[in-house]
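Take a look at the model below. We will go from one contact set out to the whole chain.

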Amino acid sequence: MSTNRWLGWTLTLQKRGRKTEPAQAEDRRVRQLTQDNERLRRRLAQANAIIDVQKKLCVLFGLPTDETPSESS
């Protein structure tokens, strides 16, 4: 294999673009996961608040809930 052909072959194997350090990539991933975690926690808190309101409305209207045993069983 000629030197020019070998050099061309090795250059095609190298990744293009900006090189990032593994520590920076890991820090970025941790930051992204932390943000996702916080977003999901807020959504969970909102869903729990909605469920609590629905339970209170069921009690107010006298509808059965999962927490109250039904009279048919």
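Contact here means heavy atoms within 4.5 Å. The model is predicted. With that in mind, start at Thr 65. Which residues does Thr 65 touch, not counting residues up to four places away in sequence? They are Lys 55 and Cys 58. Thr 65 itself lies in the segment after α2, the helix of residues 22-61.

Is Thr 65 buried or exposed? Its relative accessible area is 17%. Buried means under 20%, so Thr 65 is buried. Burial covers little of this chain: buried residues make up 4% of the 73 residues in the protein.

Now turn to Phe 61, which sits in helix α2. Its relative accessibility is 61%. The cut-off for exposed is over 50%, so Phe 61 counts as exposed. Phe 61 also belongs to a nonpolar surface patch. Its partners there are Val 53, Leu 57, Leu 60 and Leu 63. Together they make about 530 Å² of patch. For the protein overall, the exposed area is about 7500 Å². Carbon and sulfur atoms supply 55% of that area.

Next, α2 as a whole. The protein has two helices and zero strands. How far apart are the end C-alpha atoms of α2? They are 58 Å apart. The helix has 40 residues, and at 1.5 Å a residue it should span 58 Å, so the two values agree.

What follows α2? Gly 62 does, and its phi is positive, near 75°. Beyond the helix, in the segment after α2, comes Thr 65 again. There the walk closes, with Thr 65 touching Lys 55 and Cys 58.

Notes: Residues numbered from 1 in each chain as written. Predicted model: local features only at pLDDT ≥ 70, side-chain atom pairs only at ≥ 80, totals over all residues. Heavy atoms only, no water. Helix = DSSP H or I, 4+ residues; strand = E, 2+ residues; numbered from the N terminus. Buried < 20%, exposed > 50% of the residue type's maximum accessible area, 1.4 Å probe, protein only. Patch = residues over 30% accessible without salt bridge, like charges linked within 9 Å, V, L, I, M, F, W, Y side chains within 5 Å. Areas by Shrake-Rupley, 256 points an atom, 1.4 Å probe, with all protein chains shown as cover. Salt bridge = Lys/Arg side-chain N within 4 Å of Asp/Glu carboxyl O. Expected span 1.5 Å × (residues − 1).
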